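Take a moment to look over the chain from one end to the other before reading on. The paragraphs below go through its surface, its helices and its cysteines in turn.

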Amino acid sequence: MTRATMKIDFACLLTTVLFFTSNLLYIITGLGRRHADQRFNYEAWKELHPEYIQQEWARRADSRGISSAARLLGAIAWFSFCIPILNVVWILSVGGKRRV
């Protein structure tokens, strides 16, 4: 038996890793938000109790780093996704000889 060698384009691999990491961070922040929603007090929120509002903003500030990282990685992933798409367009246009 011969071992088949598989070539993976670096841009595709990078895009995959970035999307995976971004989505994983979104899941982590979503689980934290879901846990925090169980502690949400509608009455205190509606009455604008200062202590409750301070607690909510402190909780949001604690998770701001992870959610910002998830958004940043997601944006970088979408921009890096342009490279494989442009490669496919170039291949399908037969080196720029046909319109795609």
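A residue is called buried when its relative accessible area is under 20%, exposed when that area is over 50%, and partly exposed in between. With these cut-offs in hand, and keeping in mind that this is a predicted model, we can begin with Val-17, which has a relative accessible area of 45% and therefore counts as partly exposed. Val-17 lies in helix α1, which covers residues 10–37. On the surface, Val-17 joins Met-6, Ile-8 and Leu-13 in a nonpolar patch, and together these residues have about 430 Å² of accessible area.

Moving along the chain, we come to the loop between α2 (42–46) and α3 (50–62), where Leu-48 is found. The backbone of Leu-48 deserves attention, since its phi is near 55 degrees, a positive value in a residue other than glycine. The relative accessible area of Leu-48 is 58%, so this residue is exposed.

Next comes helix α4, which runs over residues 64–92 and has 29 residues. From its first C-alpha to its last, α4 reaches 42 Å, close to the 42 Å expected at 1.5 Å a residue. Which residues of α4 are buried? They are Ser-67, Ala-70, Gly-74, Ala-77, Ser-80 and Pro-84. When reading such a list, it helps to remember that an α-helix has 3.6 residues a turn, so residues three or four places apart point the same way.

Just after α4, Val-94 takes a positive phi of about 55 degrees, and here again the positive value belongs to a residue other than glycine. Val-94 is partly exposed, because its relative accessible area is 44%.

The cysteines remain to be considered. How many disulfides are there? A disulfide requires a pair of cysteine sulfur atoms within 2.5 Å, and by this rule the count comes to zero. Cys-12 is in no disulfide, and the nearest cysteine sulfur to its own, that of Cys-82, is 12 Å away. Seen from the other side, the closest cysteine sulfur to that of Cys-82 is in Cys-12, and because the two are 12 Å apart, they are too far from each other for a bond. As for their surroundings, Cys-12 has a relative accessibility of 33% and so counts as partly exposed, while Cys-82, at 39% relative accessibility, is also partly exposed.

Technical notes. Residues are numbered from 1 along each chain as its sequence is written. This is a predicted model: local features need pLDDT of at least 70, side-chain atom pairs count only at pLDDT 80 or more; totals for chains, interfaces and linings use all residues. Side-chain values use heavy atoms; hydrogens and water are left out. Buried means under 20% relative accessible area, exposed over 50%, partly exposed in between (1.4 Å probe, protein chains only). Helices (H or I, at least four residues) and strands (E, at least two) are DSSP runs, numbered from the N terminus. The expected span of a helix is 1.5 Å times one less than its number of residues. Patches are made of residues with over 30% relative accessible area and no salt bridge: like charges are joined within 9 Å, nonpolar side chains (Val, Leu, Ile, Met, Phe, Trp, Tyr) within 5 Å. Accessible areas come from the Shrake-Rupley method with a 1.4 Å probe; for residues, only the protein chains shown count as cover. A salt bridge is a side-chain nitrogen of Lys or Arg within 4 Å of a carboxyl oxygen of Asp or Glu.
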